[in-house]
Amino acid sequence: MEPNALVDYVKSLDCIHCGLCLRTCPTYQLTGVESSSPRGRIYLMRAVAENKLEASDPHYREELDYCLVCRHCESVCPAGVRFGEMMETARAGAAKAAPRGALERFARWVGFQVVLPSRFWLSLSISALRFAQRTGLLRLAAKFAGARKEALLSMPAAPPASERRSLPERTPARGAQRGEVALLEGCVMPELFGRVNRASAAVLADIGYACRTARGHVCCGALHAHNGELEGARELARTTIASYERLGDAPIVVNSAGCGAHMKAYGTLLEDDPAWRERAKRFSKRVVDFSEFVAANAPADWRPHAAPGLGKLTYDDPCHLCHGQQIRSQPRELLARVSGAERVELANAESCCGSAGIYSLLRPGDSQAVFEPKARAFAASGADTLVTANPGCHLQWESGLARLGVKARVVHIAEVLAPSDPDSARANVR
Amino acid sequence: MTPGVDAALLAQLRAVTGEAGLISDPTRLLSYECDGLALLQQRPACVVLPRTTDECARAVALLHRAGVPIVGRGAGTGLSGGATPVEGGAIVGLARMREILALDVENRTARVQAGLVNVDLSFAAEQHGLFYAPDPSSQHACTIGGNIGENSGGPHCFKYGSTNRHVLGLTIVRHDGSVLDLSRVQLDPLGYDLLGLFVGSEGMFGIATEIVVQLMPIQPVVETVLAIFKDLDGACDSVSDVIAAGHEPVALEILDRLTIEAVEASIFAAGYPKDAEAVLLIECEGSEAEVASSLDEILAVVRRRGAIDVRRARNAHERKKLWAGRKGAFGAMGRIAPDLYVADVVVPRTKLRELVLGTTRIAHERGLKLSNVFHAGDGNLHPNISYDRRNPDEVRRVLEAGDEIMELVVKAGGSLTGEHGVGLEKQAAMTQVFDEPSLRTMCAVRDAWDPQRRMNPGKLIPVHACREMRGALRPKA
């Protein structure tokens, strides 16, 4: 196979081997091994392109799989290397060069092609998970799962069916309407974090924006792209674009950092597709992160009240918000507006928590090793509540702190900003 | 050289450092082929990553017995090839040794493991009002141990001096795995100054594993100013004048137009005006009165020399931004071409202007793109040549230009390296600066530390002078 098709050679030439990325890389921090750093991985990618290394090489594949694609390196790279995009191409290339085993292929097919894009299968899976968790079936299964035991036991607690309902097609603004937006409901968000979606809609309503959802739309394809399933990612991007075009040209508010970063990059993903290139670029321009939108559009005198029981807050930057979208100040500004909430800074808030999409399920041991320094930083901060803005990080913090026996609440920033009971607030404005 | 890295030795090394501390597969070894000087590459047979002085000593002893050449390596950010491996040899990497072992606030010292990243020491000291002065532009990545090897500098070394002025004690693993404890802090060296010899020895005298350094108090007032020029000459002349007038700013840095363009296109964009031919970054510190008076006088000089605008950083954030631009300059050049050759010559400060011109001419004659970013206060020039290592003819011209730049500077009374070390890159040029007796003396000192010459062999000392290949001064068996 043409080696240049296996990695993004042109982008790899931007790297001048200065090494400024090393200190930010979670896997280099853990190992001190240079091939487990961004600079080292790029060096290996270049070697593939220059025919010095096979893309099917097991050590090469392991270094690609070990990466969390947190993109912290991009935030310190003076040459502007687009490492996240390079990783997506390299992962897809490695899978082409040496197809995965039959079982793994089947599992990935089920996950990426069947479950993620389908509300029916997602819903069924989460119901099954809840059943297994409630009945103890999961604990039993874990006993026979060998190496996957930890992964099974650290699965997020599936909420009851009453929590797992979708948003209405339209949530009106509270009081005078100042505008209208579309809100991405997402794939796992309605299943695991229905309350976050409702809180998001309530905040938008509270600042005067009506909010619509794209009926029938499920998955944006971010997890596919990050894991090198580029064809699946492109297909879902097209579906997503078409779904939101039906809602006019209102801003698309996204409360999941990973999805937002990916949807802002649709223009690049569909660069080589002439039929969709322009539509993708137009779409990407509409995408706006939840905090980004609220900070820019809330009335100057908007002062949300702190929900009771949150105590002292600290904010942890999701990687795909701070490194992927360069959004750092807005969430902090918003939290500073909350009356009655004390806020402290978290040390190394911009370093990865180890969630990294499905990484925590695929590599639970590595994921926990990356999380440990985060837990120590949280303990040192003296905060009672950890605020995040991404479902993966949310789950990672919840399960990670629980495993270490740290008593704390983990909430999405929308939950802090929302009127005290988003569900009742929604009922009020209906 | 007899590379003796075999399965039995690997197993013994693994027993010392654990599975995670040994790399011997060809794929991962690829990423150790070169350091920041990507031009020269050699493949090591293994990389050993100890966690303690003891592990390091045991690993080195094993390698010594097997006759394997050893190259010490921190973060591999050096620019002279000091950490380029020896084909078939071993790398002893310090990347897993990055603890701060003690921070003595009262005595303003710190004891650290050699793999600690430079900036992490200053971050830890900051809350006590202290900082570690040597600040190479790569300080967010490079290690204190690597800084010792190359006697690294940095913008603030104009006032504070290079690494050798800040090292108070060392624990050294010698070539045979024995441990030399020079960590007892002595303010005036008693007997031969072994510490002084070791700093800047480019990994050829042993591997420093623990380091005692002095910390400096953060000054009450720090002012950073950006002076903007329509021509590079004016910036150079300003520096000569400022120093001649007896002022002592902490740092004086010049960036030329091409560098400004690259930096402004990067995430480290510092607000340097893109239409300027050069900017001069000036930093003063001290008491409020000191800073105010010296800055006024410096700015007067700068304006006289043609600065069209002068911008003061209004707060710590703006100051940080001005410096981030300067320190990201090397990496930012990746936007101009895939590779960058960073020369590191020192020139008499009165000749800044003519030598900057001379280096530019040398590059242009060969059709090469040269940019300038330099520690002007120290006369430490970094003529940067952008190139593409896939083009062999361009590589040849780059090396040629590098040699001629060194020749030009030496003739003008300057020196080969300000802070990057000699390594592989400037080795041949050493004969321009040192005569045979000097080089022989260096060889003799080296033999006293490492009689078999297996620590970072083939670096620093020019081969024909030391006759390593010819065997006239054959190393002791």
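**Exercise 1. Determine whether Asn456(B) is buried or exposed in this predicted model.**

Solution. The first step is to count neighbours: 28 other C-beta atoms lie within 10 Å of Asn456(B). The second step is to apply the cut-off, by which a residue is buried if 20 or more other C-beta atoms lie within 10 Å of its own. Asn456(B) is therefore buried.

**Exercise 2. Locate Asn456(B) in chain B, and state which residues it is in contact with, leaving aside its neighbours within four places in sequence.**

Solution. Begin with the secondary structure: Asn456(B) belongs to the loop that joins helix 16 (436-449) to helix 17 (463-466) of chain B. Next, list the contacts outside the excluded neighbours, which are Val71(B), Gly72(B), Glu202(B), Gly203(B) and Met204(B). Finally, take Met204(B) from that list. Its C-alpha atom is separated by 5.2 Å from that of Asn456(B), although the two residues are 252 residues apart along the chain.

**Exercise 3. Describe the overall build of chain B, and decide how its radius of gyration stands against that of a compact globule.**

Solution. Start with the elements: chain B contains 17 helices and 20 strands. For the extent, the C-alpha trace spans about 70 × 55 × 45 Å along the principal axes of chain B. For the comparison, a compact globule of 477 residues would have a radius of gyration near 23 Å; the value for chain B is 22 Å, so the two agree. Two further values complete the description. Of the 477 residues, 55% count as buried. Of the contacts between residues at least 6 apart in sequence, 73% join residues at least 24 apart.

**Exercise 4. Characterise the packing of helix 4 and helix 5 of chain A.**

Solution. First, take the geometry: helix 4 (residues 58-66) and helix 5 (residues 83-97) of chain A pack at an angle of about 140 degrees, and their axes are 10 Å apart. The angle therefore makes helix 4 of chain A oblique to helix 5 of chain A. Secondly, the crossing of these helices of chain A is left-handed. Thirdly, identify the residues: helix 4 of chain A contributes Tyr60(A), Arg61(A) and Leu64(A), while helix 5 of chain A contributes Met87(A), Ala90(A), Arg91(A) and Ala94(A). Sorted by class, this contact has 5 nonpolar, no polar and 2 charged residues.

**Exercise 5. State how many residues of chain B are in contact with chain A, and which elements of chain B take part.**

Solution. The count is 34 residues of chain B, in contact with 29 residues of chain A. Elements of chain B that give two or more residues to this side are helix 2 (26-30), helix 12 (329-332) and strand 16 (339-342). By class, the side of chain B that touches chain A divides into 17 nonpolar, 12 polar and 5 charged residues.

Notes. Residues are numbered from 1 along each chain as its sequence is written. Chains are lettered from A and ligands numbered from 1 in the order in which they are written. This is a predicted model: local features need pLDDT of at least 70, side-chain atom pairs count only at pLDDT 80 or more; totals for chains, interfaces and linings use all residues. Helices (H or I, at least four residues) and strands (E, at least two) are DSSP runs, numbered from the N terminus. The radius of gyration is taken over C-alpha atoms; the globule rule is 2.2 Å times the number of residues to the power 0.38. A residue is buried if 20 or more other C-beta atoms lie within 10 Å of its own, exposed if 12 or fewer, and partly exposed in between; C-beta atoms are placed from the backbone. Two residues are in contact if their C-beta atoms, placed from the backbone, lie within 7 Å. Axes are lines fitted to C-alpha atoms, for helices over the stretch in contact, and angles run from 0 to 180 degrees between N-to-C directions. Angles under 35 degrees count as roughly parallel, over 145 as roughly antiparallel, 65 to 115 as roughly perpendicular and the rest as oblique. A crossing is left-handed if the near helix is turned anticlockwise from the far one by less than a right angle, and right-handed if clockwise. Ala, Val, Leu, Ile, Met, Phe, Trp, Tyr, Cys and Pro count as nonpolar, Asp, Glu, Lys and Arg as charged, and the others, Gly among them, as polar.
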